[in-house]
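Me: I should like to examine how certain labels are justified from computed geometry. Please show the model, and I shall ask about the labels one by one.

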Amino acid sequence: MTSPRILAWRRRGDMTLRVIAAVPLGYAVGSLWAMALARLLPGDRAEATVAATLVAFALCAFAAMWAFAARSGWRAFWTLALLGALAGGITWLSIASTGRL
């Protein structure tokens with residue numbers, strides 16, 4: 001049987017992972033998707049940037065909610081990390097193919 005102290009530390013660790021996933025990782029995911037969407041959306045650069053930024057605010061809030069709704073802190077962390085990596089890859093491919101920032 002697991003002791004109450006070990007269970008308490010597990011809960012604290014899980015909550016710490018969720019907070020890390022929600023705040024800095026959620027912000028990073030929102031920022032990376034803002035960059036990717038600003039490059040992919042059609043229209044004027046300024047309009048695409050504003051639209052991508054507005055979407056990124058919603059994504060940042062969704063990421064924070066997802067971090068606390070996921071089954072575990074690790075699942076929240078890795079899901080958001082993969083979403084950020086996907087957005088970073090899209091941005092990198094877009095920059096590599098067009099050659100402009």
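Me: How many aromatic pairs does a search of the whole structure find?

Reply: The structure is a predicted model. A search of the whole of it finds two aromatic pairs. One of them joins Trp74 and Phe77, with 6.3 Å centre to centre and 80° between the planes.

Me: Why is the pair of Trp74 and Phe77 called edge-to-face?

Reply: Ring centres must lie within 6.5 Å to pair, and planes over 60 degrees apart count as edge-to-face. The values of 6.3 Å and 80° meet both conditions, so the label applies to Trp74 and Phe77. Both residues lie in helix α3, three residues apart, about one turn of the helix.

Me: What makes Phe77 and Trp78 an edge-to-face pair?

Reply: Their centres are 5.5 Å apart, and the angle between the planes is 90°. These values satisfy the limits of 6.5 Å and 60 degrees, therefore the pair is edge-to-face. Trp74, Phe77 and Trp78 form one aromatic cluster.

Me: Why is Trp74 called exposed, and why is Trp78 called partly exposed?

Reply: Exposed means over 50% relative accessible area. Trp74 has 52%, so Trp74 counts as exposed. Trp78 has 49%, which lies between 20% and 50%, so Trp78 is partly exposed.

Me: How do you know that the charged end of Arg12 sits over the ring of Trp9?

Reply: The charged end of Arg12 is 5.0 Å from the ring centre of Trp9. The distance condition is within 6 Å, and the label also requires a position within 35 degrees of the ring normal. The distance of 5.0 Å meets the first condition, and Arg12 is listed as sitting over the ring.

Technical notes:
Residues numbered from 1 in each chain as written. Predicted model: local features only at pLDDT ≥ 70, side-chain atom pairs only at ≥ 80, totals over all residues. Heavy atoms only, no water. Phe/Tyr/Trp six-rings, centres within 6.5 Å; stacked < 30°, edge-to-face > 60°. Helix = DSSP H or I, 4+ residues; strand = E, 2+ residues; numbered from the N terminus. Buried < 20%, exposed > 50% of the residue type's maximum accessible area, 1.4 Å probe, protein only.
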